[in-house]
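I opened this notebook to record what I looked up in one structure, entry by entry. The entries follow the order in which I consulted it.

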Amino acid sequence: MNKLAIVADTCLDLTYEMADEFGISLISYYLQMDDKHLIDQVDITSREFYERMEGHNVLSTGIPPIQTVIDRLDELKDEGYTQALLICASEKLTGMRQLYEVVKSDYEGMELFIFDTYQVASSAGLLVYYATQLRAEGLSVKGIIRELERVRSHSDVYALFRTLKYIIKGGRFNKYKGMIGTLLNVQPILKSVDGEVGVIDKVRGKKKSFAALVKHIQERVSHAERYYISVFSGNNPEELTLLKEALKPEIDKAEFFMETELTPVLGVHAGPESIGVSVVILD
């Protein structure tokens with residue numbers, strides 16, 4: 001009888017508390033703040049990160065060392081797990097999938113499966129949660145992967161970054177760099193597009209962009225019978241409260257609801273006062 005571990009990482013906007021609650025084995029990304037090298041969610045919390053980030057010139061992230069992944073798999077193997085499903089963010093945004101592929105090529109004693117969500121942050125995190133529910137229902141690992149592949153194309157993350165400074169600085173948004181200098185007070189609504197970050201709407205002003213974000217979510221779930229939804233922010237409690245109020249009917253109807261503060265590995269790119277919503281439609 002196989003025993004399946006589900007492995008995820010902090011780039012999926014998951015914390016160790018959430019991992020314990022959902023039955024997930026979590027791996028931390030690494031981040032650099034000037035000359036300090038930190039382990040996400042171990043050496044620094046989300047709240048501490050946002051309080052300190054604007055005082056640092058160097059902010060960068062990196063996948064963990066390969067030995068960290070091997071050590072975690074060894075721990076799971078010692079606990080009696082015979083299989084591990086390694087779920088990661090889009091390979092177009094991070095090197096985690098490539099790292100898993102390298103580990104898989106040589107690892108012995110446990111069967112490894114890799115699933116690329118084509119997403120990032122909590123849209124990927126919601127897929128991880130769905131995987132835990134499918135495991136609880138008794139699906140095999142291959143059955144879980146088939147179902148994740150089915151709903152993956154119905155997964156989305158929508159975000160407002162109140163500044164694009166950090167995502168451009170991190171090299172994730174260079175093709176839109178000119179937007180800042182040419183469009184005054186424009187607030188682009190960002191969305192996962194083909195495994196990358198893309199602009200789906202450009203709205204002038206904070207209030208109008210907020211209203212546009214809400215409208216996109218309402219339209220996205222308007223015909224869905226079963227869906228998960230998550231709201232998130234990067235040190236933006238005021239707008240997060242307004243967002244939950246505006247989407248209360250959609251949240252109440254959701255099969256699962258999750259609220260997060262973007263983990264530091266995500267906050268490095270999102271910057272302060274970011275806000276957004278993730279949706280996974282299960283129909």
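I count a residue as buried when its relative accessible area is under 20%, as exposed when it is over 50%, and as partly exposed in between. I note at the outset that the model is predicted.

**Entry 1: strand S13**

I applied that cut-off to strand S13, residues 274-281, and found it mostly covered, with 8 of its 8 residues buried. In a regular strand the side chains alternate between the two faces of the sheet. I therefore listed the two sides of S13 separately, taking buried as under 20% relative accessible area. On one side I found Ser274, Gly276, Ser278 and Val280, and on the other Ile275, Val277, Val279 and Ile281. All of these residues are buried, and both faces of S13 are thus recorded as covered.

I next asked which strands pair with S13 in the antiparallel sense. Strand S8, residues 155-160, does so over 6 bridges. Within that pairing, I located Asp156 and found its bridge partner in S13 to be Val279. Strand S11 also pairs with S13 in the antiparallel sense, over 8 bridges. Here I noted Phe232, which stands opposite Gly276 in S13. Both partners in S13 had already appeared in my lists, Gly276 on one side and Val279 on the other.

**Entry 2: the parallel sheet**

I then turned to an open sheet of 4 strands and read its order as S2-S1-S6-S7, with parallel pairing. Which strands form its edges? They are strand S2 (25-27) and strand S7 (111-116), each of which pairs on one side only. Neighbouring strands of this sheet are turned by 25° against each other on average, with direction ignored.

I looked at one pairing of this sheet in detail. Strand S1, residues 4-9, is joined to S2 by 3 bridges, and the two run parallel. I traced Asp9 across to S2 and found Ile27 as its bridge partner.

I also looked for helices lying across these strands. Helix H5, residues 122-136, lies across S1 and strand S6 (83-88) and runs at about 175° to S1. Helix H6, residues 141-152, lies across S1, S6 and S7 and runs at about 5° to S7.

**Entry 3: helices H3 and H4**

I examined how helix H3 (residues 66-78) passes helix H4 (residues 96-106). Their axes come within 10 Å and cross at roughly 60°. That angle makes H3 oblique to H4. I recorded the crossing as right-handed.

Which residues meet at this crossing? From H3 I listed Ile66, Val69, Ile70 and Leu73, and from H4 Leu99, Tyr100, Val102 and Val103. By class, the contact has 8 nonpolar, no polar and no charged residues.

**Entry 4: helices H9 and H10**

I repeated the exercise for helix H9 (residues 206-221) and helix H10 (residues 237-246). They pack at an angle of about 40°, with their axes 11 Å apart. H9 and H10 are therefore oblique to each other. H9 passes H10 in a right-handed crossing.

On the H9 side I listed Lys206, Phe210, Leu213, Val214 and Gln218, which meet Glu239, Leu242, Leu243 and Ala246 in H10. The residues of this contact divide into 6 nonpolar, 1 polar and 2 charged.

**Entry 5: loop residues**

I closed with three loop positions. Where does Asp34 lie? I found it in the loop between strand S3 (30-33) and strand S4 (36-39). Asp34 has a positive phi of about 55° although it is not a glycine. At 25% relative accessibility, Asp34 counts as partly exposed.

Asn235 lies in the loop between strand S11 (227-234) and H10. For Asn235 I noted a positive phi of about 55°, although this residue is not a glycine. Its relative accessibility is 27%, and Asn235 therefore counts as partly exposed.

Gly23 has its place in the loop between helix H1 (16-22) and S2. I recorded a relative accessible area of 37% for Gly23, which is partly exposed. I also checked Gly23 against Leu266, 243 residues apart along the chain, and found their C-alpha atoms separated by 22 Å.

Technical notes
Residues are numbered from 1 along each chain as its sequence is written. This is a predicted model: local features need pLDDT of at least 70, side-chain atom pairs count only at pLDDT 80 or more; totals for chains, interfaces and linings use all residues. Side-chain values use heavy atoms; hydrogens and water are left out. Two strands pair if DSSP finds at least two bridges between them. Axes are lines fitted to C-alpha atoms, for helices over the stretch in contact, and angles run from 0 to 180 degrees between N-to-C directions. Contact means heavy atoms within 4.5 Å. Angles under 35 degrees count as roughly parallel, over 145 as roughly antiparallel, 65 to 115 as roughly perpendicular and the rest as oblique. A crossing is left-handed if the near helix is turned anticlockwise from the far one by less than a right angle, and right-handed if clockwise. Ala, Val, Leu, Ile, Met, Phe, Trp, Tyr, Cys and Pro count as nonpolar, Asp, Glu, Lys and Arg as charged, and the others, Gly among them, as polar. Buried means under 20% relative accessible area, exposed over 50%, partly exposed in between (1.4 Å probe, protein chains only).
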